[in-house]
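Hi,

Here is the structure I promised to pass on. Have a look at it first, and then read my notes below.

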Amino acid sequence: MTASPEIQNRIQKLRDKLEHANYRYHVLDDPALTDIEFDRCLKELSQLEADYPGMQSPDSPTNKVGGAVAKEFASIEHMQAMLSLDNVFSADDLSSFVDRVRSRIEDDPSLEGKLAELDFVAEPKLDGVAVNILYRDGIFECAATRGDGSSGEDISQNVKTIGAVPLKLKGKLKGKLKDKSGPIPEFIEVRGEVFISHAGFAMLNAMQISQGEKPFVNPRNSAAGSLRQLDSSITAARPLDIYFYGVGAHSDDFNFESHEELLNRFQDFGLRVSPLVKRVTGLSGLLKYYEILMKQRPNLEYDIDGVVYKINSLSQQRSLGYVARAPRWAIAHKFPAQEERTQVLDIDVQVGRTGAITPVARLEPVFVGGVTVSNVTLHNRDEIERLGVRVGDQVIVRRAGDVIPQIVKVVVREPETESKSYEFPKSCPDCDSPLHFDDELVVVRCTGGLVCSAQQKERIKHFASRRAMDIEGLGDKVVEQLLAANKVTDVADLFDLKVEQLEGLERFAEKSATNLINSIADSRETSFARFLYALGIMHVGEVTARQLAVEFSSITDVQIASLERLTAIDDVGPVVAQSICEFFAVAANIDVITRLEKAGIHWPAVERSADNSSPNSDFMDEVVVVTGALSSMTRSEAQHRLRELGAKVTGSVSSNTTRVIVGDAPGSKARKAEALGIQILSETEFLEWIDSKKG
DNA sequence: CTACCTCGAGCTCA
DNA sequence: CTCGAGGTAG
């Protein structure tokens with residue numbers, strides 16, 4: 001059934017009305033419709049859209065109620081990477097930041113030399129979840145989590161349900177431009193922080209409890225959890241909120257001179273910006289803002305963990321540029337970490353896969369910084385000594401910088417523990433082998449090697465891990481059981497396991513057993529690099545393993561390589577080379593490798609680039625960057641191909657880069673390559689290039 | 001380091 | 001229903 005002009009008109013009216021009501025309610029905090037009226041309109045619109053499917057539209061307010069159920073979260077590549085921010089915790093560090101920024105700007109000949117004071121924009125640093133939303137022609141296209149910075153999970157369906165997220169930017173498209181708010185860009189990535197207010201959190205938990213569900217521990221985690229919901233109607237019922245604070249990639253038709261102007265444009269677009277954002281001047285301005293926010297913090301209706309300062313002028317931002325993972329023109333000034341007092345119940349040591357002994361304090365669980373802390377690493381002997389911590393002590397625990405908790409100091413010592421100071425074990429808690437103490441090195445190691453089941457367990461877990469052999473279903477508990485039941489003693493034994501041997505283990509019936517046996521069998525097809533990494537040679541991580549796989553053609557080659565030969569490899573120094581030689585000098589290691597080979601572990605021979613005489617040596621001098629989305633393969637596949645061919649693949653464009661492969665929607669890397677005059681290849685050119693050299 | 005979501009599978013009880 | 005594994009976020 002096609003909609004008559006009257007119906008079309010009605011639908012448009014309803015949409016405009018609802019959209020405006022949303023904006024008034026969520027962005028301006030000034031409702032224009034009663035809830036009843038809003039619901040009535042929404043219902044009418046839903047009905048009309050259901051009756052006239054041809055009239056459905058991605059930016060209709062009916063899309064905000066959720067309902068779409070995803071099967072999984074796809075991965076979305078950000079057009080421009082989402083970086084993190086550098087942190088400072090003190091006025092001193094902040095002052096150095098300001099000095100650094102100032103001198104860099106004053107040294108830049110393209111900017112005016114004088115500079116009375118630096119202009120910043122300061123804003124609260126919300127404790128939530130960062131998201132990237134892409135609008136194309138003003139229409140919400142997709143939203144993604146931050147992920148690893150370059151790509152994240154597609155949570156579009158969930159983000160759409162957030163009241164304050166417009167499905168359509170306010171303003172006119174280019175060409176239809178009449179008002180002063182400026183045209184809506186062809187595309188723009190906007191970054192915001194999704195969070196749940198205190199009131200929302202209380203409401204949500206009341207709801208959870210009334211439904212017999214577990215309450216959430218803190219607003220941040222409930223916001224994060226809400227966004228990872230496959231059923232978006234659940235997300236829609238969560239009181240999620242958002243403030244926008246930054247921009248990613250955007251079309252050329254979007255220009256701004258300062259951060260302040262950017263945020264003003266955001267507001268014109270109907271994107272919510274924190275009302276606490278303020279322009280401030282110089283170090284004193286920053287510090288004053290910090291003090292004010294610190295005082296306001298208890299009264300705010302949401303959690304913040306600091307404030308963020310950004311250089312206001314875009315030309316100054318450009319001049320400052322970026323370091324590895326963060327802009328030089330912005331910094332987070334964190335509030336002091338939260339601290340709580342609790343008791344040390346015990347001090348255990350953990351044995352790592354290389355035998356490294358790490359002491360861990362078991363604590364009386366304490367709620368600090370939004371989570372319950374019951375374990376905290378003490379790192380090493382020196383740390384225990386420095387703190388002077390003993391079992392039974394009352395200590396201050398701090399959760400700093402968002403993550404790893406630490407013991408700050410001992411505050412009370414019970415009289416009865418006064419006498420028994422902590423004694424670092426002399427032998428391995430697992431295998432009782434003597435520990436090796438080296439005054440030079442901080443780490444203490446268990447000398448048990450292959451007889452130590454704690455080491456064995458970690459080695460097997462490492463072997464099975466995703467980045468190594470990728471054996472699914474071989475987790476902590478299972479490995480523990482296998483070792484305890486003597487079903488395996490080393491990684492080679494895994495391949496001799498039979499279904500019948502597994503049945504009878506806890507939580508292992510036929511299905512789990514065959515699944516595990518199958519995934520072990522499947523793992524035999526791997527790559528040389530993964531295999532080398534899986535062996536767990538000390539100091540040989542993923543990157544080094546990859547280097548070795550390129551350099552050598554077989555395990556035997558690595559085994560017989562001299563120290564000199566190894567040291568000659570990129571990134572391999574004397575320590576790593578020594579460690580590799582030692583590994584292959586142990587007969588038991590060779591035995592395991594032999595048995596693994598016998599079990600049928602194999603990898604494609606093409607993996608390794610040719611030696612220098614092959615035509616592929618053409619690639620040896622290439623330093624290549626791949627950016628943007630490719631259509632015929634993923635970016636990591638492309639990078640993998642290049643590495644196989646012998647090229648060096650890096651993540652960022654520098655003057656050493658020889659070529660840049662540019663896929664769809666490239667970010668700043670393509671521009672940088674252009675600026676540096678580096679050869680740029682399209683996907684087609686890239687494929688031709690590697691084909692032509694294949695010999 | 002902790003909290004959260006999702007999935008498959010086993011266990012338990014009706 | 002509960003558990004373990006696997007993954008994500010900060």
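At the start of α6, a side-chain oxygen of Asn218 comes to within 3.2 Å of the backbone nitrogen of Arg220. Before I go further: this is a predicted model, so please read everything here in that light.

Staying with α6, which of its residues are buried? Pro219, Ser222, Ala223, Ala224, Ser226 and Leu227 are. The cover over these buried residues includes two helices that you can find at 198-210 (α5) and 232-236 (α7), along with α4 (156-160) and the strands β4, β9 and β10.

Those three strands turn up again in a sheet. It is an open one with four strands, in the order β5-β4-β9-β10, and the pairing is antiparallel. At the edges sit β5 (139-145) and β10 (240-250), each of which pairs on one side only. From one strand to the next, the twist averages 30°. As a bit of background, strands in a sheet pair through backbone hydrogen bonds, either parallel or antiparallel.

If you want a spot to zoom in on, try β4 (residues 129-136) and β5: six bridges join these antiparallel strands. Arg136 stands opposite Ile139 of β5 there. Over at β9 (187-196) and β10, helix α8 (residues 259-269) lies across both strands and runs at about 120° to β10.

Now for the DNA. How many residues surround DNA strand B? There are 20, and the closest are Val217, Leu230, Ser374, Ser512 and Asn515. Helix α6 comes back here: α6 (219-227), β18 (371-377) and α15 (510-522) each supply at least two residues of the surface near the strand. The largest share, five residues, is from β18. Sorted by class, this surface has eight nonpolar, eight polar and four charged residues.

Which parts of the DNA does the protein meet? Of the DNA strand B atoms within 4 Å of the protein, 95% belong to sugar or phosphate, and the rest to bases.

A few individual contacts are worth pulling up on screen:

- Ser374: a polar backbone atom is 2.9 Å from a phosphate oxygen of DNA strand B.
- Arg228: a backbone N or O atom lies 3.0 Å from a sugar or linking oxygen of DNA strand B.
- Gln229: a polar side-chain atom lies 3.4 Å from a phosphate oxygen of DNA strand B.

That's what I have for now. Shout if anything is unclear.

Cheers

Notes: Residues are numbered from 1 along each chain as its sequence is written. Chains are lettered from A and ligands numbered from 1 in the order in which they are written. This is a predicted model: local features need pLDDT of at least 70, side-chain atom pairs count only at pLDDT 80 or more; totals for chains, interfaces and linings use all residues. Side-chain values use heavy atoms; hydrogens and water are left out. Two strands pair if DSSP finds at least two bridges between them. Axes are lines fitted to C-alpha atoms, for helices over the stretch in contact, and angles run from 0 to 180 degrees between N-to-C directions. Contact means heavy atoms within 4.5 Å. A residue is near a molecule or strand if one of its heavy atoms lies within 4 Å of it. A polar contact is a pair of N or O atoms within 3.5 Å; within protein, one must be able to donate a hydrogen and the other to accept it, and residues adjacent in sequence count only if both atoms are side-chain atoms. Ala, Val, Leu, Ile, Met, Phe, Trp, Tyr, Cys and Pro count as nonpolar, Asp, Glu, Lys and Arg as charged, and the others, Gly among them, as polar. Buried means under 20% relative accessible area, exposed over 50%, partly exposed in between (1.4 Å probe, protein chains only).
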